[in-house]
Amino acid sequence: MSSNEKAIISRRCFVATATLSPAAAMLTPRQLFAQYGNTVNVMRKAAASAKIVVKSLRNNISVLMGSGGNIGVLTGKDGKLLIDSGFAVSQTGIANALAGISPDPIKHLINTHWHVDHTDGNEWVHAAGARILAQEKTREHLMTTIRIPLWETTFEPAPAGAIPTKVFDNQLTVHLNATAIELKHYLPAHTDCDISVNFTDADVIHVGDTWWNHYYPFIDYVTEGSIDGTIRAAETNISNTTNSMIIIPGHGPIGNRSQLVEFRDMLVAIRGTVSTLKKKGNSLAETIAAKPTAPFDAVWGSGLMSPAEFTELVYTGV
Ligand SMILES: [Zn+2]
C-alpha cells in the first residue's frame with residue numbers, strides 16, 4: 001500500500017469517527033476522496049452529516065463536538081459566547097444544540113485561529129447576533145487568499161460578516177456572564193494567530209489547535225506554524241494548567257493536564273527521530289519509509305493527519 005493510500009485510509013477513519021453518514025462510511029477511501037476532493041471537503045462533508053454532541057463541562061460552560069474543531073459555549077444573561085464556529089453546513093445542528101443548552105441568544109464569538117474548521121460558521125453566527133473577537137492575525141488571514149498545499153485548498157477571503165470586528169495583539173481579559181475570560185496569544189505554534197481562552201473562575205481552558213488530544217496535529221507552515229512552535233506551545237499549556245483544570249483541545253476528546261504531557265512527549269520523541277534521520281541525509285520519502293512515528297501510531301495515528309503526513313510536517317521543520 002502506498003503512503004498516500006495509507007494517508008487516505010487514516011483520514012477516512014477520522015471522518016468516520018466524526019460520524020460520517022452510514023452511506024458515505026461504506027465508500028472506499030479512494031471513492032471518498034474521488035467524491036469530496038480534498039481534506040477540507042472531507043471534513044465539511046463529515047460535518048454536514050454529523051450529530052452535534054453537547055457535553056456539559058463545569059458551571060455554565062459546555063462544548064459542542066462534531067463540526068470541525070471543538071466549540072466552547074458559555075451561557076448567561078449577557079448572551080451566549082461561542083469559542084469557534086465549526087463548519088457552516090452544521091448551522092442547523094449547532095443552532096439546535098445551542099437552543100437545547102439555554103434560551104440565551106448568541107451574542108459573542110471568539111476564534112482561536114483562522115482555520116476553516118474553526119471559522120467557517122462565523123458568517124451565520126454573526127448574522128444571528130454575535131460580535132466576533134480574535135487575535136489580529138486571524139482577521140488578517142481571513143481577509144487574504146491563502147493556499148494550504150497539504151490540504152490541496154486555496155482559501156479565498158471570508159465574507160464581510162465572517163471577519164472579526166474586534167482584535168487584540170498579545171493578551172486581553174473580557175468579562176461576560178459573571179465570568180472572567182483571559183485570552184492569550186501563543187508565540188507561533190500551529191499558526192501565528194493561535195490563542196488560548198481561559199475561563200479562570202470555572203477552571204476550564206480552550207487551547208485551540210495547539211492541542212489535538214490523541215491525534216497527530218496539523219501544523220500550518222504557511223501561516224508560520226512549526227513543529228518547534230507546536231512543542232513550545234505544548235510546554236506553555238503544561239505550565240499554564242493544573243491537574244484540576246478541564247482542557248478543551250481543538251480536536252479530540254476533552255482532556256486533562258497529564259494528557260497534555262503525553263502530547264508534548266510524543267511531539268518531542270518524533271521530532272528527535274525525524275531530525276536524526278534528516279541529519280543523516282535521508283530524503284523525505286526515505287524518512288517516511290523508516291516509519292519514525294511507529295511507536296505512537298496506535299494511539300495517535302487514526303486522525304486527520306496520517307503518520308506519513310505528520311512525518312512530513314515534522315521533517316519540514318527540522
Ligand atoms: Zn487549525
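**Figure 1. Contacts across the chain in the predicted model.** Among contacts with a separation of 6 or more, 66% join residues 24 or more positions apart. The chain holds 13 helices and 14 strands. Of its 318 residues, 53% count as buried. The exposed area is about 12,700 Å², of which carbon and sulfur atoms supply 54%.

**Figure 2. The two faces of helix 5 (residues 91-101).** Ile 94, Ala 97 and Leu 98 are the buried residues of helix 5. These residues span an arc of only 100° around the axis, and therefore lie on the same side of helix 5. An α-helix has 3.6 residues a turn, so residues three or four places apart point the same way. On the face turned away from the buried side, helix 5 carries the exposed residues Thr 92, Asn 96, Ala 99 and Gly 100.

**Figure 3. Cover over the buried residues of helix 5.** The covering elements include strand 1 (53-58), strand 2 (61-65), strand 3 (71-74), strand 4 (80-83) and strand 5 (106-110). Helix 7 (122-127) is also among them.

**Figure 4. Coordination of the zinc ion.** His 113 (NE2), His 115 (ND1), His 190 (NE2) and Asp 209 (OD) coordinate the zinc ion at 2.1 to 2.2 Å. The arrangement is irregular because the four donor atoms subtend angles of 88 to 170°.

**Figure 5. Zinc donors along the sequence.** The spacing of the donor residues is H-x1-H-x74-H-x18-D. His 113, in the loop between strand 5 and helix 6 (116-119), and Asp 209, in the loop between strand 13 (204-206) and helix 9 (227-239), are 96 residues apart and link distant parts of the chain. His 113 and Asp 209 are both buried.

Technical notes:
Residues are numbered from 1 along each chain as its sequence is written. This is a predicted model: local features need pLDDT of at least 70, side-chain atom pairs count only at pLDDT 80 or more; totals for chains, interfaces and linings use all residues. Side-chain values use heavy atoms; hydrogens and water are left out. Buried means under 20% relative accessible area, exposed over 50%, partly exposed in between (1.4 Å probe, protein chains only). Helices (H or I, at least four residues) and strands (E, at least two) are DSSP runs, numbered from the N terminus. The arc is that of the directions from the helix axis to the C-beta atoms. Contact means heavy atoms within 4.5 Å. Accessible areas come from the Shrake-Rupley method with a 1.4 Å probe; for residues, only the protein chains shown count as cover. Donors are N, O and S atoms within 2.8 Å of the metal (3.2 Å for Na, K and Ca); water is not among the atoms, so sites may look incomplete. Four donors count as tetrahedral if all angles lie between 85 and 135 degrees; four count as square planar and six as octahedral if opposite donors are over 155 degrees apart and all others between 65 and 115; anything else is irregular.
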